[in-house]
Structures are given as structure tokens and as C-alpha cells.
Protein chains: 2
Amino acid sequence: MRSPEELTVAFRSAGLKVTPQRQLLFRLLHDNSSHPTADSLHSAATSVMPGISLRTVYQTLTDLAEMGELQSIEVGSGSLRFDPNVSDHHHAVCDGCGDVHDVYVSKAPVLRGLDDFSVSDAHIVYRGHCGACSALVATK
Amino acid sequence: MRSPEELTVAFRSAGLKVTPQRQLLFRLLHDNSSHPTADSLHSAATSVMPGISLRTVYQTLTDLAEMGELQSIEVGSGSLRFDPNVSDHHHAVCDGCGDVHDVYVSKAPVLRGLDDFSVSDAHIVYRGHCGACSALVATK
DNA sequence: ACCTTATCTGCATGAATTGCTAATTAGCAA
DNA sequence: TTGCTAATTAGCAATTCATGCAGATAAGGT
Ligand SMILES: [Mn+2]
Ligand SMILES: [Mn+2]
Ligand SMILES: [Zn+2]
Ligand SMILES: [Zn+2]
């Protein structure tokens with residue numbers, strides 16, 4: 001995702017308006033690698049701008065996704081997660097704390113049983129335990 | 001997933017009862033490679049046994065999953081899909097018709113950026129178009 | 001400053017799943 | 001067979017996540 005300043009320009013030239021709510025979300029999302037949900041973003045936004053609506057958060061996330069500035073991912077946590085990192089990568093979900101980590105995969109795997117299907121995209125979700133959670137399990 | 005007959009024995013020895021509703025679902029799921037949703041199973045079940053409750057379908061699917069007889073997968077279609085094929089495999093989803101196909105992947109990919117994380121499972125969701133849908137697009 | 005139009009908020013609605021409970025039934029035992 | 005008891009069913013309520021809608025508001029070009 002581009003910087004708040006660049007997004008401001010991009011939104012205006014797309015005929016979209018730049019409101020304080022959107023600017024806040026631009027800042028909250030920029031360089032955010034936590035893969036937040038709409039709800040967690042709303043919480044973070046509320047502490048800075050009380051009264052901001054969850055509906056506005058969804059709206060802005062949708063706009064950003066349509067502009068290709070972020071991607072929404074589904075990792076089985078029940079709700080969508082939003083990722084300003086739109087580079088080609090995958091995700092690892094900790095079954096202990098639920099944190100989502102970025103994974104970069106080199107060398108595409110070899111497929112079998114997939115005749116007559118043209119693949120345009122692949123997303124891998126790894127599950128396991130992060131270092132902290134592995135340590136917790138070990139000491140218990 | 002095992003055969004309806006084997007499941008009958010397994011359910012009884014687990015202290016679970018074998019009802020007509022469950023037997024029907026055993027049959028509908030056995031050798032079913034369509035990755036059905038709870039709702040589509042309920043529709044199929046209703047045509048044989050009018051009055052069967054969607055709640056019962058969910059209940060039985062949960063029981064089967066807990067016994068390891070099937071897995072539930074999330075491929076981004078909004079609702080869970082259930083898969084009696086519990087062998088190690090992945091899925092390809094057609095963006096045209098929504099059908100879900102099995103994919104077998106040899107040779108695990110090499111991961112980067114995933115330090116200090118122990119992976120216990122991986123699930124790849126491929127997206128694209130199946131043969132039929134590719135043909136449709138070409139002729140249009 | 002004005003005017004048009006996009007946006008915001010609050011609430012209603014929708015879709016998928018789970019919780020709850022009275023009535024029913026499976027299946028073991030007498 | 002008959003009876004007993006715990007598991008199951010059906011129906012409906014509740015929950016969660018996301019989107020639809022509309023009147024009030026405000027962005028931003030003129
Ligand atoms: Mn990511
Ligand atoms: Mn499968
Ligand atoms: Zn963890
Ligand atoms: Zn297709």
C-alpha cells in the first residue's frame with residue numbers, strides 16, 4: 001500500500017474524497033503487518049477518533065481493495081483480514097495466539113490431478129505455532 | 001471417510017447413536033467429491049427425507065469431523081465446505097462455476113521469512129478457471 | 001462563499017453458524 | 001418384548017460478520 005500522502009492524491013484523482021476518517025485509516029494501515037480485521041482497525045481508529053463508524057472502516061477497506069492498495073485474506077479466523085502488503089506472498093497462522101505471519105515461497109510446487117484447469121492464483125495458509133507459543137507449550 | 005456400514009459401527013462404539021438421518025448423511029457423503037456445503041447437503045437430504053433439519057446436518061458433520069472422518073475446508077465461497085477425502089491434498093476453485101477440485105502437490109515449496117515457526121499443516125487454495133468455464137470464456 | 005456529490009453514521013438486513021430445549025427415539029438391559 | 005435412559009432431533013433464538021439503505025454532513029471544485 002502506498003503512503004497516506006500518495007493515497008490522498010490517488011483518491012482525489014479517482015473522484016473519491018479524502019476525509020479525516022480515511023486519512024486516519026491510511027495511517028493505521030500504512031506499514032501495518034499485523035493483518036488486522038475490520039473490527040480491530042475500528043478499535044484502533046476509535047481510540048484516536050471516537051465516534052468513527054465501523055461501517056466507514058469497511059467502506060474504506062473496500063475502496064482500498066478495489067484500488068489494489070490492499071488485499072483481503074481469509075485464514076480461517078472467522079473474519080476477513082486486510083493486508084497492505086500486496087506483494088506475492090502467503091501466510092502462516094499460529095494456532096496458539098492467532099497471529100498471522102508473512103511467508104514467501106520460492107519454487108512453485110508440482111501439481112497432480114489438476115488437468116484442464118488454468119491456475120491464475122494460489123494462496124497457501126500454513127498452520128502451526130509461533131516461537132513464543134511453542135515456548136509456552138514446552139514449559140507447561 | 002469410511003463406508004456407511006463402518007461408520008455405523010464406529011458411531012455406536014463411540015457412544016453415539018445411529019439414526020436414519022445420520023445414515024442418510026453417511027450415504028450422501030460417501031465417495032462424494034463435490035465438496036458440498038451444509039446447505040447443499042441439506043437440500044440433497046431433504047429430497048430423500050423431507051423434514052430433516054439443517055441443524056441435524058450441521059450436527060452430524062461436526063461429529064464426523066471430530067472423528068476425523070471428514071475435514072471442513074474454507075475456500076472463500078462464504079460457507080464451509082465438507083470433504084470426506086481426508087488424504088493430504090489441496091484444492092482448486094473455479095472462479096467461473098465455483099466448483100472445487102482436488103489437487104495433489106508433490107515436493108513441498110521452500111519457505112522464506114518464516115523463522116521461529118513450526119509448521120504442522122499447509123493448505124493451498126488455487127484459483128482459476130476449469131476447462132468448461134475456460135471454453136465458455138473463449139467462445140463468448 | 002456556493003453547490004454538487006461523495007461520504008458518514010446509525011440502523012436494518014442478510015447469510016452462515018451455533019445455542020438452547022422440549023419432544024422423540026435408539027439401543028441396551030431386564 | 002418391554003422399559004429405561006441418555007442421545008438426538010427439530011425448531012427457533014441468538015450470534016457473528018458483512019452489506020444495504022437513507023438522511024444528515026462535509027469535501028472540494030467553481
Ligand atoms: Mn501478509
Ligand atoms: Mn478435497
Ligand atoms: Zn503464537
Ligand atoms: Zn468452472
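This note comments on a predicted model in numbered points, from the single chain to the metal sites and the DNA.

1. Basis of the model. Because the model is predicted, local features need pLDDT of at least 70 and side-chain atom pairs count only at pLDDT 80 or more, whereas totals for chains, interfaces and linings use all residues. Residues are numbered from 1 along each chain as its sequence is written, chains are lettered from A and ligands numbered from 1 in the order in which they are written, and side-chain values use heavy atoms, with hydrogens and water left out.

2. Chain A. This chain holds five helices and six strands; helices (H or I, at least four residues) and strands (E, at least two) are DSSP runs, numbered from the N terminus. The order along the sequence is α-α-α-α-β-β-β-β-β-β-α. The C-alpha trace of chain A spans about 50 × 45 × 25 Å along its principal axes. Of the 140 residues in chain A, 40% are buried. Here buried means under 20% relative accessible area, exposed over 50%, and partly exposed in between, with a 1.4 Å probe and protein chains only.

3. The sheet. Eight strands form an open sheet with mixed pairing, in the order S5(A)-S4(B)-S3(B)-S6(B)-S6(A)-S3(A)-S4(A)-S5(B). Two strands pair if DSSP finds at least two bridges between them. The edges are strand S5 (110-112) of chain A and strand S5 (110-112) of chain B, each of which pairs on one side only. On average, neighbouring strands of this sheet are turned by 35 degrees against each other, direction ignored. The axes are lines fitted to C-alpha atoms, for helices over the stretch in contact, and angles run from 0 to 180 degrees between N-to-C directions.

4. Pairing between the chains. Strands of a sheet pair through backbone hydrogen bonds, either parallel or antiparallel. Strand S6 (residues 117-130) of chain A and strand S6 (residues 117-130) of chain B pair in the antiparallel sense over 13 bridges. One example is Ser118(A), whose bridge partner in S6(B) is His129(B).

5. Manganese site in chain A. The manganese ion (ligand 1) is coordinated at 2.0 to 2.2 Å by His35(A) (NE2), Asp83(A) (OD), His89(A) (NE2), His91(A) (NE2) and Asp102(A) (OD). His35(A) lies in the loop between H2 and helix H3 (38-48) of chain A and Asp83(A) in strand S2 (residues 81-83) of chain A, so the pair ties together parts that are 48 residues apart in sequence. Both His35(A) and Asp83(A) are buried. Donors are N, O and S atoms within 2.8 Å of the metal (3.2 Å for Na, K and Ca); water is not among the atoms, so sites may look incomplete.

6. Manganese site in chain B. For the manganese ion (ligand 2), the protein donors are His35(B) (NE2), Asp83(B) (OD), His89(B) (NE2), His91(B) (NE2) and Asp102(B) (OD), at 2.0 to 2.2 Å. The sequence spacing of these donor residues is H-x47-D-x5-H-x1-H-x10-D. His89(B) and His91(B) are both buried.

7. Two residues with positive phi. His35(B) is not a glycine, yet it has a positive phi of about 50 degrees. His35(B) counts as buried because its relative accessibility is 0%. Asp116(B), also not a glycine, has a positive phi of about 60 degrees. Asp116(B) sits in the loop between S5 and S6 of chain B and is exposed, with a relative accessible area of 62%.

8. DNA strand C. Of the 20 residues around this strand, Thr19(A), Arg22(A), Thr56(A), Tyr58(B) and Leu80(B) come nearest; a residue is near a strand if one of its heavy atoms lies within 4 Å of it. Of the atoms of DNA strand C within 4 Å of the protein, 75% belong to sugar or phosphate and the rest to bases. A polar contact is a pair of N or O atoms within 3.5 Å; within protein, one must be able to donate a hydrogen and the other to accept it, and residues adjacent in sequence count only if both atoms are side-chain atoms. A side-chain N or O atom of Lys17(A) is 2.8 Å from a base oxygen of DNA strand C, and a polar side-chain atom of Arg55(B) is 2.9 Å from a base oxygen of that strand.

9. DNA strand D. Among the closest of the 20 residues surrounding this strand are Tyr58(A) and Leu80(A). A polar side-chain atom of Arg12(A) lies 2.7 Å from a phosphate oxygen of DNA strand D. A backbone N or O atom of Ser53(B) lies 3.0 Å from a phosphate oxygen of DNA strand D.
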